[in-house]
Amino acid sequence: MSNTVGRRRESDIGPRWPWRLLLLSLTALLIAAIVSLLAAEARTSRWQARELSRFAADLDYTLATGPSDRLQFPRHGPFDQRFGYVDLPRFQARLEERGYEVAAQVRFSPALYDYASRGFYVPYAEKTRTGLTVEECRGYPYYAARYPRRHYPHFAAVPDLALESLLFIENRGLLDTTHRYANPAVDWPRFARAALSQVGRALELEGQSAGGSTLATQMEKFRHSPGGRTASPREKLRQMLSASVRTYRRGAETLTARQDLARDYLNSVPLAAAPGYGEVHGLGDGLWVWFGADFDEVNRLLEPAFAAPEELPQRGQALRRVVALMIAQRRPAWYLNGGRDDLEHLTDSYLRLLHEARLVGGELRDAALAQRLEFRDFDSDPVTHRLPSDKGRQVARAQLAGLLGLSFYDLDRLDLEASTTLNGALQSEVTDYLARLADPQVAAELGILGHRLLDAERTAEVTYSFTLYERSEAGFLVRVQTDNTGQPFDLNESSKLELGSTAKLRVLATYLEILAELHAQYRPLTPEALGVVPVDRQDALSRWVIDRLRAEPELSLEALLAEAMTRRYSASPYERFFTGGGEHTFSNFNRQDDRRRPTLEEALRESLNLPFVRLMRDIVNHHIYHHPDRRRLLEDDDHPLRMLYLSRFADQEGQVFLSRFWREYRSLAPQARLETLFEGVRPLASRLAAAHRYVLPDADLATFRAFLRERLGDAVPEERIERLYHDYGPGAYDLNDQGYVARIHPLELWLVGYLHTHPQATYRELVAASTAERQHVYEWLFTSRHRGARDSRIRTLLERDAFDEIHRRWARLGYPFERLVPSLATAIGSSGDRPASLAELVGIILNDGERLPTLRIDGLHFAADTPYETRLAPVRDAGERVMAPEVARTLRAALTQVVEAGTARRLAGSFTTRDGTPLALGGKTGTGDNRIETRGHSGQLLDSRARNRTATFVFFLGDDHFGTLTAFVPGRGADDFDFTSALPVQILKGMEPILTRHLRQGCDHSAASGLMVSSDRERPTPGA
C-alpha cells in the first residue's frame, strides 16, 4: 500500500517539471531583458531623458510685484553663501528695518516649491561669475566687482588642450557625441565601482577606495552641499538627482548642457584661498593668483594655431600649469600650499598619461616635463586689489556694507545690482574742482586768497568736503558726497567736528519749537486764566508767550514766531555764566559787537555769539523751571528729592575723578604705582604715614620704618615712627580724613590701594567697587550748613537734565551724537556736529518740518534671473513730522537773510534760474577753532594750541537742493591758518557753473532705479 502511495506521488509530481522549467526560463528571459534594458538605458539614457525633461519642465518660477509667499531659499552651500542666496532672508529683514520694502520677488511654481521643500537643489542656469554692481542715478555703471575676474565666456573659447586635460583627469566620456540623451550626472561603471568601494569600506576591507563623482555631481557638491562636501550616501544621491534634473531642464538632448557643464566647471572650480586675495575660483583666476600667469596668454599658447614653434617651452609651462590646477582641485588647500612636491609628481604622471592617450604630442609632453611649477611669492609679489579711489564709490560700498552687515570682501562677491542716488558726472566734476583748489593760481582766480581766507603758500594743506542733496518724495537723495583727500574716511558722515556757529541754527530751532509748544498750550486759555498761570521768574520763554497771548489772544503761531525773531538779546561779553559746573565767560568774534543788543534775526544773520549764549540759557532755564517739581528742588532745602540729586552728583563727580586717576595709573606696574603716589606727597612724616598706612594696611612696622627712613632719613625719632604706625593704621581714620592728612584726593588713595590688591582690575570693576567710597567722599555735602554748596550742585544736575531734553530735541532733527556737553558753550559749537547732519536739518527746514530718510542707495536687486531674485526699494511715504511747518518757514526766512545780508552775502545773486531770476538761497556759516588753552590762577592765558580748524557753510539752493561745504585743517598745523566761513562760501560761489548745470538738468532718477517689475530698461548681462 505504501508503494502504491509513493508511486502516485511520483506520478503526480512528474508532469509539473516542464511548467517549472518554463517558468524559470521566462524569469531568466525577463531578467535578461531587464538587464538588457538597463544596460541600454545606462548607455543611452533615453527613458530618463524623456521623463526627467518632462518633470523639469514644471519646475518653474516667475517674478511678481511685492514679497513672495512661495519661495524656498537655500540653507547651505559655498556658492549659495558666497552669492548671498542663503542670507537673503536676513538681508531682507535688515533692509526692512532700515526703511526698505520688497518691490518684487520670485514665486515658485507648486512643483518647484515641493521639489525644493524636499531638499533638492533648485535647477536653473546658474552663474559662474558674479559680484557687486552699482549704477549711479542716471543708470550708468558706477562700480563693478567681478569674481572670478577671468573666465571663458562660452564653450568655444575653451582651448582643446585645457578641455581635454580636464575630461581625461575627471570625466572622460562627458562629451561623447554618440549618445544624444546622455545623463552626465551618472557614470554607471564608475558609480558601481564607488558603491562596491563603500561596501568594502563598511566591511573594513583594505584597498577599497573609489570615487563615483562626475563633473556634474562635483558641481552640485562644491556649490550647494553643506560645506562643499559629500558627507553621506544620502547627500551623494541628492547631488546625482539634482544634477540630473538640472541637465534635462532645457530638454531631452544634453550635448549643449554637457558642454556648458565643462565650461562652467573650468570657470568655477574651487582652488583654495590665497593670501591677500581670498577664495580662488576658476582656472583663469587660479592661473593668475597662484602662478602670476596671464590668462589670455595661457589660452593663446594652448592653441597650436596661435603659438610659434620657438614658444614650445612656454607652451609646455602653460600646459603644466593647467594640468596641475586640474589635479589640485581634488585637495586644493594641500596641493597649492604644503603639498607642492606631490603636485609636481602627479602632474608629471598625468602629462605622460595624456601623451599615451594621444591627447598631447611628444614634443609638448617633453617641454611640459622639463618645466617646474613656479608659484607666486605673495611676499614680494602680492595679489593687490584695486580699490575705488573716488569718494562716491567708497560711499556707495560703505553704505551697502552697513545696510547688509557685511565686510567689503563679502559684499563684492554678492550677486547684487544696486543703484545709488549719486550723480556720477557731477561727483567727478566737483571732486576735480576741489582737487584744483590746491593750485595757488586756481585759488587766486576763485578769490579764496586774502584776509580770513588762505595764503598762496598753504593752499594744498586744506581738506575740503562737499555734499549735495536733492529733496524728493522718496527722501533726501545724496547727489554728491566727495572731498579732496582720496581716503576712505568720510569727513561728512564719520567725523565729530567743532563747527562753531552752525550750532546757532540748532539753538534757534529749539527756541522756536518751544515757543510753538507754549503757543499750543496757552492759546486756548482766556486772558484772565493766563494771568493766574504760575510762571517762575527764571522761565523767560513761558513768561513772554503768556504776555503776548494776554495782549493779543488771537495771535497766530506764525505771527508769534515772527515776533520771536525780533526779541533782543545783549551781545555783551562782560558777564560770568555759571554753567557746566563752573563759571565761564564768552566773547564775540568782532569786539565792535560787544555793546550791541541785536534782534535774534540780526544775531543769526551776523553770527554773534553772546546773544545765542543767553538764548541757550533761557532754553535751559525753561526746561528747569517750567516743571514745578524742579522749581521746588531749588526753593526747599528739605525737599525729599534733594538728597537723591546730591547722591547722584556724588556718584557722577566721583566717577570723573576716578577716571582721571585711572588714566594716570592703569599702565604702571604695581611698584611704580606706589612710587608715583608717594612722590606726589610732600615729605612730611604725618602725610607719608597716612598715605602708606592706607594703601599698604598689611605692611609690618619694619617695612613702614624702612619706607620713612628712605624718604626722611634719620629726622624722625624711632618712638615717633612707632606712634605714626599705630595712629594711622587701619580703622584709625576714614578715607576722607586719611586723604586730608596726606593732602591727596581720597579717591586717588582708594584707587591705588585697590589696584595694589587687585592688579588686574578693569575700570568697570573699579567703578562697581567704589560706589560706597564715592558717596562717602562727598558726605560733607549732605551735612554742610552752607546751603549754597548744595544748591550749586543741584543746579548743575538740573542743567544736565535740561541738556538731556535739549539733546532729545536735537536728535529728532538729526543730531548724530549720543549726548551734548552740558554747558552753554554748546550754543556756539562745543558739542560738535557733522556736516551731513547739519545738511539733514536744512533738508527738514526745506521740507516744511518733515524729516525724510537720507538715501544713498535707492534700489537693491539681488540674484537677478535666478529663482531667488528679490528687488527692494525705499518705503514710500516714510516721512516723519518733526517740526511745525510754521517753525520751518520762520527758519527758512532767517537762513535766507544770512545770504542776502549776513555772513554769506558774497553768495547773494550768484545762482539763477533759466530765465535769469536769482535763485532763492539760504544757509548758515560756522567757524570752529578747536583749541586747548592753559590758564593761570588769575585766569590769564598761558598757552593756546590748536587741534584743528574748520569752516563750514550749510546751505540750500532753491526749493529742492541743499548741502554742506567744509574746509578743514587737522592737527597743530591749524595754528598757521585764520580762515573763516567766508572760505567755503567763496568756494561754493566758484562752483556755480558746475552746480547750475545739474540744477537745470537734474537726474532721471526714476528711470535709473530699475525697480519696477515691468521695466523694459535693458540690463547688462551678468559677467559681460
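Arg 358 sits in the loop between H16 and H17 (helices, H or I, are DSSP runs of at least four residues and strands, E, of at least two, numbered from the N terminus). Phi of Arg 358 is near 60°, a positive value in a residue other than glycine. Arg 358 is also exposed, with a relative accessible area of 78% (buried means under 20% relative accessible area, exposed over 50%, and partly exposed in between, with a 1.4 Å probe and protein chains only). The model is predicted, so local features need pLDDT of at least 70 and side-chain atom pairs count only at pLDDT 80 or more, while totals for chains, interfaces and linings use all residues. Residues are numbered from 1 along each chain as its sequence is written, and side-chain values use heavy atoms, with hydrogens and water left out.

On either side of this loop, the axes of helix H16 (residues 340-356) and helix H17 (residues 362-369) come within 10 Å and cross at roughly 175°. H16 is therefore roughly antiparallel to H17. Axes here are lines fitted to C-alpha atoms, for helices over the stretch in contact, with angles from 0 to 180 degrees between N-to-C directions; under 35 degrees counts as roughly parallel, over 145 as roughly antiparallel, 65 to 115 as roughly perpendicular and the rest as oblique. Asp 348, Leu 351, Arg 352 and His 355 of H16 meet Gly 362, Arg 365, Ala 368 and Leu 369 of H17 (contact means heavy atoms within 4.5 Å). This contact is mixed in class, with three nonpolar, two polar and three charged residues (Ala, Val, Leu, Ile, Met, Phe, Trp, Tyr, Cys and Pro count as nonpolar, Asp, Glu, Lys and Arg as charged, and the others, Gly among them, as polar).

A second helix pair joins helix H23 (residues 503-522) and helix H25 (residues 540-551), whose axes come within 10 Å and cross at roughly 50°. H23 and H25 are therefore oblique to each other. Tyr 511, Ile 514, Leu 515, Leu 518, His 519 and Tyr 522 of H23 make the contact with Leu 541, Ser 542, Trp 544, Val 545, Ile 546 and Leu 549 of H25. Its residues divide into ten nonpolar, two polar and no charged.

Aromatic rings come next. The whole structure holds 28 aromatic pairs (rings of Phe, Tyr and Trp, the last by its six-membered ring, pair if their centres lie within 6.5 Å; planes under 30 degrees apart count as stacked, over 60 as edge-to-face and the rest as tilted). Trp 290 and Phe 378 are edge-to-face, because their ring centres are 5.7 Å apart and their planes stand at 90°. Trp 290 belongs to helix H12 (residues 282-291) and Phe 378 to the loop between H17 and helix H18 (391-404), so the pair ties together parts that are 88 residues apart in sequence. Both Trp 290 and Phe 378 are buried. Phe 291 and Phe 375 form a tilted pair, 5.0 Å centre to centre with 50° between the planes. Phe 291 lies in H12 and Phe 375 in the loop between H17 and H18, so this pair ties together parts that are 84 residues apart in sequence. Phe 291 and Phe 375 are buried as well.

Burial can also be followed along a whole helix. Nine of the eleven residues of helix H32 (residues 685-695) are buried, so H32 is largely enclosed by the rest of the structure. The cover over its buried residues includes helix H31 (670-679), helix H33 (701-712), helix H34 (718-727), helix H35 (735-742) and helix H36 (746-757). Val 613, in helix H28 (residues 609-625), is likewise buried, at 0% relative accessibility. Beyond its neighbours within four places in sequence, Val 613 is in contact with Phe 577, Phe 586, Leu 824, Ala 827 and Ile 828. The C-alpha atoms of Val 613 and Thr 826 are separated by 8.4 Å, with their positions 213 residues apart along the chain.Two further backbone details recall the opening loop. Asp 865 has a positive phi of about 60° although it is not a glycine, and lies in the loop between strand E14 (857-862) and strand E15 (870-874). The peptide bond from Tyr 147 to Pro 148 is cis, with omega near -5°. Most residues other than glycine have a negative phi, and most peptide bonds are trans. Across the protein there are 45 helices and 19 strands, and buried residues make up 52% of the 1024 residues.
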